[in-house]
Amino acid sequence: MSAEEVAKAFVQQYYQMFGSNREGMAPLYRDQSSLSFEADGVKRGSQQIMEKLRSLPPCAHNVQSVDVQQSVTPNAILVFCTGQIMIEQGKPLKFTQVFQLVAEAPNQYYLHNDMFRFNYA
């Protein structure tokens, strides 16, 4: 699979699981993974990341764009997403999210970096 195919499949799976089965997201992260969510500080490792994700309210994402680039090594992919998020049936808010996927084996990626921000402008 190309980097773009991997990224698009990942994005679809990630946001579907975020909305319907957050517990199922734990295998996406490793002990060396990091999550930044707004100004809440960096969460490191699968346990801290999942604690943060569990603390977030129910929501639905509408992804509007996905940009993909190879990262510093051939086994890493950068993914930049923009879209809207609806939190507990509220007004849609714009967001951006950046992922770095790293291959552990051919076509088997984990989420090394995950950075999320609301766009308030």
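1. Let's start with the pocket. The largest pocket in this structure has a volume of about 180 Å³. Please keep in mind that this is a predicted model. Two elements each give two or more residues to the lining of that pocket: helix H1 (3-20) and strand E6 (108-119).

2. Who lines the largest pocket? The residues are Met1, Val6, Ala9, Phe10, Gln13, Leu28, Leu101, Asn107, Gln108, Tyr109, Tyr110 and Leu111. Sorted by class, this lining holds 9 nonpolar and 3 polar residues, with no charged ones.

3. Now for the sheet. It is open and built from 6 strands, in the order E2-E1-E6-E5-E4-E3, with mixed pairing. Its edges are strand E2 (42-44) and strand E3 (59-70), each of which pairs on one side only. On average, and with direction ignored, neighbouring strands of this sheet are turned by 20 degrees against each other.

4. One pairing to look at while you have the model open is that of E5 and E6. Strand E5 (residues 93-105) runs antiparallel to E6, and 11 bridges join the two. Within this pair, valine 102 has tyrosine 110 of E6 standing opposite. Tyr110 has already come up, as one of the residues lining the largest pocket.

5. Two helices lie across strands of the sheet. H1 lies across strand E1 (29-37), E3, strand E4 (76-87), E5 and E6, and runs at about 160 degrees to E3. Helix H2 (residues 45-55) lies across E1 and E2, at about 40 degrees to E1.

6. Is serine 34 buried or exposed? This residue belongs to strand E1. Serine 34 counts as buried because its relative accessibility is 16%, and the cut-off for buried is under 20%. Leaving aside neighbours within four places in sequence, serine 34 is in contact with Val42, Lys43, Arg44, Ile49, His112, Asn113 and Asp114.

7. Valine 63 makes a useful companion case. You will find valine 63 in strand E3, and its relative accessibility is 28%, so it counts as partly exposed; that class covers values between the 20% and 50% limits. Apart from neighbours within four places in sequence, the contacts of valine 63 are Val11, Tyr15, Thr82 and Gly83.

8. A last detail on valine 63 concerns glutamine 84. The two residues are 21 residues apart along the chain, and their C-alpha atoms are separated by 6.5 Å.

How values were computed:
Residues numbered from 1 in each chain as written. Predicted model: local features only at pLDDT ≥ 70, side-chain atom pairs only at ≥ 80, totals over all residues. Heavy atoms only, no water. 1 Å grid on protein atoms, 1.4 Å probe; cavity = no way out; pocket = protein on both sides within 12 Å on 5 of 7 lines; lining within 4 Å. Points joined across faces, edges and corners; volume = space filled by probe spheres on them. Helix = DSSP H or I, 4+ residues; strand = E, 2+ residues; numbered from the N terminus. Nonpolar A, V, L, I, M, F, W, Y, C, P; charged D, E, K, R; others polar. Pairing = 2+ DSSP bridges. Axes fitted to C-alpha atoms, helices over the stretch in contact; angles between N-to-C directions. Contact = heavy atoms within 4.5 Å. Buried < 20%, exposed > 50% of the residue type's maximum accessible area, 1.4 Å probe, protein only.
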